[in-house]
Amino acid sequence: MDSGHRIGYLVCMVKRVTVMVYEDFGFLDVVGPADVFTIANQRAGKTLYAVEVACAGRARLLRAESGLRLGIDVDSRELEQTHTLIVTGGNGFRKALSNRLLMSEVVRLSKASRRVVSICTGAFVLAHAGLLDGRQATTHWAHARDFAAAYPAVDLVPDELFVSSGRFVTAAGIAAGMDLALALVARDHGDELARQTSQRMVLYLNRSGGQSQFSERFKAVAERVDPLDELLVAISADPVGNLTNAALAEQLGISERHFVRVFRDRTGTTPARWIERVRVDRARESLESSDYSVESVSRSSGFASVETMRQAFQRAMGMAPSEYRTRHATLAS
């Protein structure tokens with residue numbers, strides 16, 4: 001243990017963290033948050049979190065979606081309560097929904113937990129159990145449309161890394177589980193411990209941006225033939241010009257009001273927000289790979305001005321375009 005920068009904390013009892021897994025779970029959904037909590041313990045110089053891996057049944061090893069196997073600490077049926085219940089995601093989440101024992105154990109333990117967390121597609125498990133009804137939640141962007149269709153009683157927030165709603169916290173895709181764990185450390189024991197933990201792990205304490213895997217999302221859209229999907233592909237390919245709701249609705253031959261409703265149903269967000277993120281994504285790519293001026297990048301990405309791009313970058317990435325270029329430029333110096 002590195003004690004060179006230990007700091008004192010007036011902390012409470014050890015928080016028990018129970019990570020619930022099932023066949024074909026996401027390995028990083030377990031070890032990512034577990035490492036955050038473990039390193040927080042190290043930086044504090046005391047045990048703040050005790051992490052255990054549980055499954056619904058007597059299995060002692062479970063296979064992750066990667067093929068790796070993980071040892072199981074406890075049958076969830078032996079647990080009376082825990083402080084934080086984490087439900088993982090992974091390719092096995094759909095099969096998990098039909099596992100009656102797993103679902104009943106998630107419901108039971110959620111009632112006996114101070115905090116309930118899902119990572120990635122683990123949100124489907126919580127939603128299927130009815131635990132997210134009437135709450136805001138998020139999941140991996142690639143599954144957002146399916147989630148929204150399957151669980152209309154949940155207020156899906158598709159572009160956030162994690163979303164808190166009372167004692168329920170849902171994280172987006174995979175690595176966002178570590179972002180969430182750092183946020184929980186900050187909530188439980190203060191920003192300073194979270195900062196030291198993130199530094200030790202070489203992670204940003206407040207990672208900029210939301211679920212910004214836009215290029216892959218647009219390529220997936222291109223495989224369809226629906227007129228709205230074709231419009232989305234066209235916008236992502238060239239986000240310059242008049243992209244107002246009225247202009248886009250006219251292209252589809254529908255009313256502006258109907259266009260906004262259909263667009264939100266399809267993407268989970270408003271046309272203005274979606275287009276802004278497309279333009280930010282275009283600008284990101286240019287800032288990373290070219291030496292064009294910021295003004296030139298703003299024009300070629302569809303922004304009305306440098307200031308408009310700066311504001312959009314601040315909302316989406318948590319930093320100014322110039323700072324983003326400094327951090328992420330790939331051009332050789």
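Three exercises on this predicted model follow, each with a worked solution.

Residues are numbered from 1 along each chain as its sequence is written. In this predicted model, local features need pLDDT of at least 70, side-chain atom pairs count only at pLDDT 80 or more, totals for chains, interfaces and linings use all residues, and side-chain values use heavy atoms, without hydrogens or water.

**Exercise 1.** Find the stretches where pLDDT (the predictor's confidence in each residue, from 0 to 100) is below 50.

Solution. Start with the average: the protein has a pLDDT of 85. At least 70 is reached by 87% of the residues. Residues 1-11 fall below 50. Residues 205-224 also fall below 50.

**Exercise 2.** Describe the largest nonpolar core (buried Ala, Val, Leu, Ile, Met, Phe, Trp, Tyr and Cys joined through side-chain atoms within 4.5 Å; buried means under 20% relative accessible area, 1.4 Å probe, protein chains only).

Solution. Count first: this core has 37 residues. Val 21, Phe 37 and Val 185 have the most contacts inside it. Next, the suppliers: α6 (176-189) is one of the elements giving at least two residues. The largest share, eight residues, comes from α6.

**Exercise 3.** Classify the packing of α9 and α12.

Solution. Take helix α9 (residues 227-237) and helix α12 (residues 271-289). Their axes (lines fitted to C-alpha atoms over the stretch in contact) are 9 Å apart, at an angle of about 40 degrees. Angles under 35 degrees count as roughly parallel, over 145 as roughly antiparallel, 65 to 115 as roughly perpendicular and the rest as oblique. The pair is therefore oblique. Leu 232 and Ile 235 are among the α9 residues at the contact, and Trp 274 and Val 278 among those of α12.

Notes: Axes fitted to C-alpha atoms, helices over the stretch in contact; angles between N-to-C directions. Helix = DSSP H or I, 4+ residues; strand = E, 2+ residues; numbered from the N terminus. Contact = heavy atoms within 4.5 Å. Buried < 20%, exposed > 50% of the residue type's maximum accessible area, 1.4 Å probe, protein only.
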